[in-house]
Amino acid sequence: MDHAADAERIARAVARETTFSVLYRLADPDSDDLPADLRQQMPGWVLMETAPSGEPTHRVLGALYEDLNTLGPPAQASRSRTVAEGWIRQTNLRPFCESLATEVAYDFDDSDWLAIDTALPDTDDEQPRSAWYTYPLVGRDRVDLHIARSVGGSEVSVSVRGTVDGRVRDRVELLLDIMASYDLMAGCGLVDDGSGHRR
């Protein structure tokens with residue numbers, strides 16, 4: 001019997017259960033046994049994301065315990081790899097985010113965009129990749145969107161990492177090409193980018 005391996009499995013199970021309990025409590029701070037009248041007298045609180053500068057992005061981080069269930073053991077997590085990399089026009093960033101979210105069946109909304117839009121000005125694509133802003137999109141699949149703006153330019157460098165099938169990979173690469181080649185206008189589709197391409 002491998003007692004060391006058994007002890008390791010038990011330790012991992014205990015750590016995971018403890019982490020889940022903490023994250024679940026953060027998602028519902030009122031889930032205790034306090035009497036209702038006492039609960040009404042106590043302050044409320046939320047867990048909120050901040051940008052690299054420390055400013056709040058106004059994105060409330062709820063239900064983090066659900067993300068825990070999407071994580072595999074370390075050996076599995078290390079297999080996350082680059083799906084696509086490149087740059088896009090900054091004006092196309094929101095359409096790109098929405099389209100990317102659709103590929104993984106994630107419901108991207110205004111709060112997601114606010115978090116990204118707030119964090120972007122503090123980024124610089126000449127900094128190490130670890131300093132770029134990272135935003136997870138967790139739906140049918142999970143991808144992590146890494147972005148940084150080109151200081152003095154009108155482009156945003158993009159790296160999408162995750163574990164997806166070949167079809168999704170091809171579609172994300174196509175999205176990058178489109179968002180780099182065209183300016184998208186709401187309700188108007190693709191417009192000429194000045195290089196002979198037309199909508």
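Reader: What makes β4 and β5 count as paired strands, and in which direction do they run?

Author: In this predicted model, six bridges join β4 to β5, residues 142-149. Two strands pair if at least two bridges are found between them, so β4 and β5 are paired, and they run antiparallel. Within this pair, Leu137 stands opposite Val143 of β5.

Reader: What is the order of the strands in the sheet, and why are β3 and β4 called edge strands?

Author: The sheet is open, has four strands in the order β3-β6-β5-β4, and is antiparallel in its pairing. Strands β3 (81-89) and β4 (133-138) are its edges, as each pairs on one side only. On average, neighbouring strands are turned by 20 degrees against each other, direction ignored.

Reader: Which helix packs on this sheet, and which strands does that helix touch?

Author: Helix α5, residues 93-103, packs on the sheet and touches β3, β4, β5 and β6 (155-162). The direction of α5 makes about 170 degrees with that of β5. Helix α6, residues 110-119, lies across β4 and β5 and runs at about 165 degrees to β4.

Reader: Why are α5 and α7 called roughly antiparallel?

Author: Helix α5 packs with α7 (residues 166-181) at an angle of about 170 degrees, and their axes are 10 Å apart. Angles over 145 degrees count as roughly antiparallel; therefore α5 is roughly antiparallel to α7.

Reader: What classes of residue make the contact of α5 with α7?

Author: The contact has eight nonpolar, one polar and three charged residues. Among them are Phe96 and Leu100 of α5, and Val168 and Leu175 of α7.

Technical notes
Residues are numbered from 1 along each chain as its sequence is written. This is a predicted model: local features need pLDDT of at least 70, side-chain atom pairs count only at pLDDT 80 or more; totals for chains, interfaces and linings use all residues. Side-chain values use heavy atoms; hydrogens and water are left out. Helices (H or I, at least four residues) and strands (E, at least two) are DSSP runs, numbered from the N terminus. Axes are lines fitted to C-alpha atoms, for helices over the stretch in contact, and angles run from 0 to 180 degrees between N-to-C directions. Contact means heavy atoms within 4.5 Å. Angles under 35 degrees count as roughly parallel, over 145 as roughly antiparallel, 65 to 115 as roughly perpendicular and the rest as oblique. Ala, Val, Leu, Ile, Met, Phe, Trp, Tyr, Cys and Pro count as nonpolar, Asp, Glu, Lys and Arg as charged, and the others, Gly among them, as polar.
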